[in-house]
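User: Please take a close look at the cysteines of this model and explain how they bear on disulfide bonding. A word on a glycine loop and a hairpin elsewhere would also be welcome.

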Number of protein chains: 2
Amino acid sequence: MKYIISILSLIFLLANSSLAADYGTGALMVVVERENGAIMVIDSAQDHKVLGEVSGLGVLHHASISFSRDGRYAYVVSRDGFLSKVDLLKLKIVSKLKVGESAIGLAVTQDGKHIAISNYKPGNIVIVSDKTFKIVKTIPADKSKTVGLVDAPGNLLVVSLMDADQTWVIDAGKPDFPVIRKYKNIGEKPYDALLTPDGRYYLVGLFHSPWITMIDLLKPEGFTKIPLPRPEKDSHKKPVLKIPHLEGWIMAGDYLYAPMVGGSGLAVIDKKTWKAKKFIELKGHPIFAMARPDMRQIWTNYVLGDNHDKVEVIDVQSQKVIKTLTPGNKIFHIGFAPKGGTIYISSYGDSKLLIYDTSTFELIKEIPIKKPSGIFCTNRSSIFGL
Amino acid sequence: MKYIISILSLIFLLANSSLAADYGTGALMVVVERENGAIMVIDSAQDHKVLGEVSGLGVLHHASISFSRDGRYAYVVSRDGFLSKVDLLKLKIVSKLKVGESAIGLAVTQDGKHIAISNYKPGNIVIVSDKTFKIVKTIPADKSKTVGLVDAPGNLLVVSLMDADQTWVIDAGKPDFPVIRKYKNIGEKPYDALLTPDGRYYLVGLFHSPWITMIDLLKPEGFTKIPLPRPEKDSHKKPVLKIPHLEGWIMAGDYLYAPMVGGSGLAVIDKKTWKAKKFIELKGHPIFAMARPDMRQIWTNYVLGDNHDKVEVIDVQSQKVIKTLTPGNKIFHIGFAPKGGTIYISSYGDSKLLIYDTSTFELIKEIPIKKPSGIFCTNRSSIFGL
């Protein structure tokens, strides 16, 4: 009897301890299975090995993921308002919380202690303690949808109010999370925003104004309007078919590369004058335009229209398209592995993930996955705004 | 008997599996114990908890550390020529290899498949396969000491030859690791180098020439000489007491911040003209000058002279010293945790590690550690040149 108890307790201990996985968390690729409420976890440092899947994450249409500082936990916010904390070592959900009716984005504070969620409905920002996984603060946003939520240096959060044409700055280092600054009349209907990786410039995309609003967080007294180039004269009459995702906007060298609303290319905007220097013609309106970590290539995808199956590669030096790939139907997202030697591509239409060498453009690996969309690498954990 | 065997085998399994640690590897701080041949591993994401120590690493005077892509393994090169692969999850050495008589630096290739070591003696570059942990190639360097070895985009390695006044570029993507480019007469006695984080500019420090040599890896046909400012007229007569570590040179905004040879401050060099715009007077000749990840502060330390116990903080916007700390005797190194909310400081003289909040300058934690020197964070694994 004694022996049996010993054996049982050992089995129990063993079962628990063996759950601790045998891999690092610095280069994991987390891929959203859009219709499955699940994610797949792949280790880009172990020949792109599939480590497993985690389901039960809610409605993952337009899902967003941020990571704990150590890359161990993925915070997943679902469209139906659930925040899940997923342990990427044990491959299971360790906490789950309803944070709204319709959530759109999230950010982990610089100190790693809180997760902030931006909600469309009710229009607010919700702050969750990582330790207790309870809501510690709800900040109502003048009945507006909130968008473009990012963490910024000084333990700040920056967020925009879609229906109130404002940007707010929240101090997440103070216990009551005060809104310390409100920028009003920044432009009509902000729909998304990004923070440059140095945590300095917050760029806001606007639905109904022909500019991007830029806030320099080091010069908090005002903001700059960067005129958005429109290559075709009547393009302002075209409806915005799909929102260009601002996370994909790029500062490479002296230029900002911005997808044009109503256009089908990429505008090269000079950072000194904020004027468009050139247009790079593309096969469609890019949904994402992402720079390889060495800033020598920009990769784009389209989703809608005839070129939903295409990925184009722009050489930054020559500002020309140097490669067009046809990886599969409905390319929803693209994401570089650390140091950019490889890129992951989600083919939603063909239910597969494709991994390419970015130098040779060779297909390295193809992984079957149910309707994949967003791709997020754990090395985002140490970059502001991601 | 059967039971006992079962129990023993379970204990065995348990002992093995429990070695797999229960933490992520994205924000580990690895600190060299200079006189101990050891490292201490601290998790900056778990309230700076000490995870353990690993010893048996050889002579760690001027030790250098790089990481595997996933942050799981630390590659440590010792002055007496041993390369050790340390598993940061199991906290033990998994492989060890003699790679030279006197080694000085190392780099992990972009694809993560090889570790390159630069040797003073014999003057060469040695390439080790991560998989087999055997030397796969030795590249003799014209009998010169090799310095400033970095990995670069395109799976390249860049290294300088101290006694031959050259910089070489090696293609680590080809099976025979050919030297594909040789820059000759770059200046007298290169002693160290750095690569900018975008992997584009390789900057070489020179012992006997009053300039820095800059190679633009995208324009391989030549190089630029950046004149080194010398504020005092007779400073060229002063001996170089201590080599300024080039890893600490900083590009922040439009300026390069460079420690002056023979001077006691930091030169602010305009990147457009490569001319010194200003000198920031400091308490000594900085051994390291490191930018906080948000580029808003530069932290310096001195080691030699009266101010061996000081750390100064420069505000990048105003280009002024805003804080002087006295953390302990003989400050050997400083290193930011991811996102820069905290900084680790090694007091070699007092055998302690100090962790400060970089906003409030408050001391957060003090960790006893035997004669600490270099501090390396695992998030370096996804940055070129580190």
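Analyst: Cys377(A) is buried in this predicted model, because its relative accessibility is 4%. Cys377(B) likewise counts as buried, its relative accessible area being 5%. A disulfide is a covalent bond that joins the sulfur atoms of two cysteines. The cut-off applied here is a sulfur pair within 2.5 Å. For Cys377(A), the closest cysteine sulfur belongs to Cys377(B) and lies 15 Å away, which is too far for a bond. Seen from the other chain, the sulfur of Cys377(B) has its closest cysteine sulfur in Cys377(A), at 15 Å, and this too is too far for a bond. Over all chains, the count of disulfides is 0.

The glycine is Gly199(A), found in the loop that runs between β16 (190-195) and β17 (201-206) of chain A. Gly199(A) is buried, because its relative accessible area is 0%. Leaving aside residues up to four places away in sequence, Gly199(A) touches Pro153(A), Leu217(A) and Phe384(A), together with Arg296(B) from the other chain letter. Ser68(A) lies 131 residues from Gly199(A) along the chain, and 18 Å separates their C-alpha atoms.

The hairpin is formed by β10 (residues 124-129) and β11 (residues 135-140) of chain A, which pair in the antiparallel sense over 5 bridges. Within this pairing, Asn124(A) stands opposite Pro140(A) of β11(A). Between the two strands are 5 residues, and in this hairpin Phe133(A) adopts a positive phi near 50°.

Technical notes. Residues are numbered from 1 along each chain as its sequence is written. Chains are lettered from A and ligands numbered from 1 in the order in which they are written. This is a predicted model: local features need pLDDT of at least 70, side-chain atom pairs count only at pLDDT 80 or more; totals for chains, interfaces and linings use all residues. Side-chain values use heavy atoms; hydrogens and water are left out. Two strands pair if DSSP finds at least two bridges between them. Helices (H or I, at least four residues) and strands (E, at least two) are DSSP runs, numbered from the N terminus. Buried means under 20% relative accessible area, exposed over 50%, partly exposed in between (1.4 Å probe, protein chains only). Contact means heavy atoms within 4.5 Å.
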